[in-house]
Amino acid sequence: MLNLVLFGPPGAGKGTQSEKLINKYSLVHLSTGDLLRSQIAAGTELGLQAKALMDQGILVPDEVVIGMIDAKLNENRTAAGFIFDGFPRTVRQAEALDQLLSQHNTSIRLMVALVVDQEELTKRLLLRGQTSGRPDDQNEELIRRRVREYNEKTTPVASYYEQQGKYVAIDGIGEIDQIFSTICRQIDAA
C-alpha cells in the first residue's frame, strides 16, 4: 500500500500535485478538513463530537481526528493507498498516525515536502486571493504569519520522518509537470 504525506506551506502547490498523484497512483485523498466536514454532515458520532467542540471554539483533539482517519481506512480497505494532506501537523499526530497505520498492517512510505521560499509563496497566495475570494489570501501580513506559523509548527514533523528515512524535499518552484515528475521518481524509488 502506498501511503504518502504531502507537506508544504500554504501556496506550495499541494492541491495541484495531490490531484496528479491521486490520479497516477489511484490513491484516496485524506484531508482532515474534508473528513471533519463530511463526518459532521453525515451526523456520525465522531462528527457530532467534533461539531460540539468546534461550536465552542475548541480544537478537535487528535484522538477524534485519528478516529475519523481510522473510519476512512476501514471504508477503503481495498485502496491502493492514501495521500495525507494537512495531517500530521505535529510529532504527536505523526506518532498516532504511525500507530494507527500499523494496526492496519501498513505505514507511511514517504513524506513529500514541497519547498517554496517566502517571497514566492506570498506572490502565489496574493494571486490566488484575486480569484479565490479568500480573505486570508488577500492580506500580505496574514500570509506571512500563516507561512511563519506553518514553518514553526511543522519543522519537527519533517525531522520525525527524516529520522525514519521517509522524508524528501522537492523544489516547489518550476513547471508543474516537472515538479510532478520529480515527485514520482522519489515515490517510485522509495
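D98 touches I108, Y160, Y161 and Q164, leaving out residues up to four places away in sequence; contact means heavy atoms within 4.5 Å. The model is predicted, so local features need pLDDT of at least 70 and side-chain atom pairs pLDDT 80 or more, while totals for chains, interfaces and linings use all residues. Numbering runs from 1 along each chain as its sequence is written, and side-chain values use heavy atoms, without hydrogens or water.

D98 lies in helix α5 (helices are DSSP runs of H or I, at least four residues; strands are runs of E, at least two; both are numbered from the N terminus). The side chains of D98 and Q164 share a polar contact of 3.1 Å (a pair of N or O atoms within 3.5 Å, one able to donate a hydrogen and the other to accept it; residues adjacent in sequence count only if both atoms are side-chain atoms).

The UniProt annotation "binding site", from an unreviewed entry, covers twelve positions listed there, including T32, F87, R134 and R146. UniProt annotations may be inferred rather than shown by experiment. The annotated residues spread over 115 residues of sequence and up to 27.6 Å between C-alpha atoms.

F87 sits in the loop between β3 (81-85) and α5 (91-103). F87 is buried, at 3% relative accessible area (buried is under 20%, exposed over 50%, partly exposed in between, with a 1.4 Å probe and protein chains only). Beyond neighbours within four places in sequence, its contacts are V5, T32, V65, I66, I69, Q93 and L97.

R146 belongs to helix α7 (residues 140-163). R146 is partly exposed, at 21%.
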